[in-house]
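Student: I've got a new model open and I'd like to learn how to read it. Can you walk me through it?

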Amino acid sequence: MNVAIVFDSTFPADPSYYDEVYDEVMATDFDGEPDPEYQIAAALRERGHTVKLLGAHDDPMAVMHHLREEPVDMVWNASEGFGTIDSLDFLLPALLDAEGVPYTGASPQCLMVTRNKAMTKKVLAHHNIEVPRFLTYRIGEELRKDDEFFFPAIVKPMRLDASQGISKASVVYDREALKQRVQFVHEKLHDAAIVEDYIEGRELYVSVMGNGDDLRILPTVELLFDPDKNKPEDRIATKKKKWKDQYGKKPKVRQVFARPISAVAKERIEHTCLAGFRALWLRDFARFDLRLDAEDRVWVLEANANPYPSRGHEIANAAKKAGMAYPDFIETILKLAKRRAG
Ligand SMILES: Nc1ncnc2c1ncn2[C@@H]1O[C@H](COP(=O)(O)OP(=O)(O)OP(=O)(O)O)[C@@H](O)[C@H]1O
Ligand SMILES: [Mg+2]
């Protein structure tokens, strides 16, 4: 196929500049991890596709003009936001829809719903999928007198991802700490706050690939915390743990394939992820972040549309375990999108 990889870039350059620097980027050792768009390009080239890299900087239409001049069969959408604003991740797919160009992954609507952690939980709850109870506070909104608080609770920014704004102080045990953390989310992260019941349990990441009735659940990845620490605030994937310590000498968290899971829990996880995929109108690939409690109850913490597709991260690892080498995994997403688009 003739494929364009579309992505957002904070670097001011012509959309096709990224294709020119491809060889240079791939030859540089960035801890073995070039940005996902380059990894996707390498994977698709290895599978024999004709690939061009198109980055969007300040004018999203520049990419669309490129695609009008030199049409492609498919776009692999690797965009994660626009400019410095992650919540604009729907923008490039929306423009691709307007141009009638088919692309991989979630629709703008699905991206908007899944980015909002409260909206996601409301949709899932409607389908009887278990989610932690929660309260929400819009920017500037204070705790209300009639709110029914619960502790321990975890306070998260409503729309940020990659564990931004998640630290030990996110877990709160009383009303005063809760109030402070909500204020922190409003003032420092400029986002609404969601306060969730802290769910004690194993942390599992379950990826799904496919569309319609043809959905495949990939092997479960588990995040292991320091076994010597049992306090809730030591058993969450903070930004620090997720993005820094994994390269450090002594990682605080470790991703492994899940240790044994009971048959009952396995069935519940499968049901939850398949029903959740459908309920949220996900497409092609997605990852659910779950907690499994001591009674084998499955709780959805969040659904990730267009999960981070780089080598060595959750879904690529799970795909590998399921027998898809990295180029296969990336190409499978392309093929699923192509079949869906017709
Ligand atoms: N209700 C909860 N109960 C227990 N732990 C939680 C809860 N919500 C979040 N956490 C912890 O905080 C981490 C980050 O939360 P969440 O996945 O909602 O945020 P995110 O920033 O969108 O993450 P990602 O990096 O997956 O995009 C989780 O991986 C988990 O360890
Ligand atoms: Mg998460």
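Tutor: Sure, and keep in mind that this is a predicted model. Let's begin with a helix. An α-helix has 3.6 residues a turn, so residues three or four places apart point the same way. Here, take helix α6, residues 108–115: C110, L111, V113, T114 and R115 are buried.

Student: What do the buried residues of α6 pack against?

Tutor: They pack against α5 (91–99), α7 (117–126) and β13.

Student: And β13, does that turn up elsewhere? Which strand gives the largest share of the shell around ligand 1?

Tutor: β13 does, with three residues. Strands β5 (153–157), β7 (193–197) and β12 (284–292) each supply at least two, as does β13 (298–305). In total 22 residues surround ligand 1, and the closest are D161, E196, I199, I236 and A237. Sorted by class, that shell has ten nonpolar, three polar and nine charged residues.

Student: Where does ligand 1 lie relative to the domains?

Tutor: Domain 2 (112–131 + 200–220 + 258–341) and domain 3 (134–197) both give residues to its shell, so ligand 1 lies between them. The assignment also gives a domain 1, 2–103, and the C-alpha centres of domain 1 and domain 3 are 35 Å apart.

Student: How do I read a helix pair? At what angle do α3 and α12 pack?

Tutor: Look at the angle and the axis distance. Helix α3 (36–46) and helix α12 (326–341) pack at about 90 degrees, their axes 8 Å apart. That makes α3 roughly perpendicular to α12. On the α3 side you'll find I40, A43, L44 and E46, meeting Y326, P327, I330, E331 and L334 of α12. The contact has seven nonpolar, no polar and two charged residues.

Methods: Residues are numbered from 1 along each chain as its sequence is written. Chains are lettered from A and ligands numbered from 1 in the order in which they are written. This is a predicted model: local features need pLDDT of at least 70, side-chain atom pairs count only at pLDDT 80 or more; totals for chains, interfaces and linings use all residues. A residue is near a molecule or strand if its C-beta atom, placed from the backbone, lies within 6 Å of it. Helices (H or I, at least four residues) and strands (E, at least two) are DSSP runs, numbered from the N terminus. Ala, Val, Leu, Ile, Met, Phe, Trp, Tyr, Cys and Pro count as nonpolar, Asp, Glu, Lys and Arg as charged, and the others, Gly among them, as polar. Domain bounds come from an automatic or database domain assignment. A residue is buried if 20 or more other C-beta atoms lie within 10 Å of its own, exposed if 12 or fewer, and partly exposed in between; C-beta atoms are placed from the backbone. Two residues are in contact if their C-beta atoms, placed from the backbone, lie within 7 Å. Axes are lines fitted to C-alpha atoms, for helices over the stretch in contact, and angles run from 0 to 180 degrees between N-to-C directions. Angles under 35 degrees count as roughly parallel, over 145 as roughly antiparallel, 65 to 115 as roughly perpendicular and the rest as oblique.
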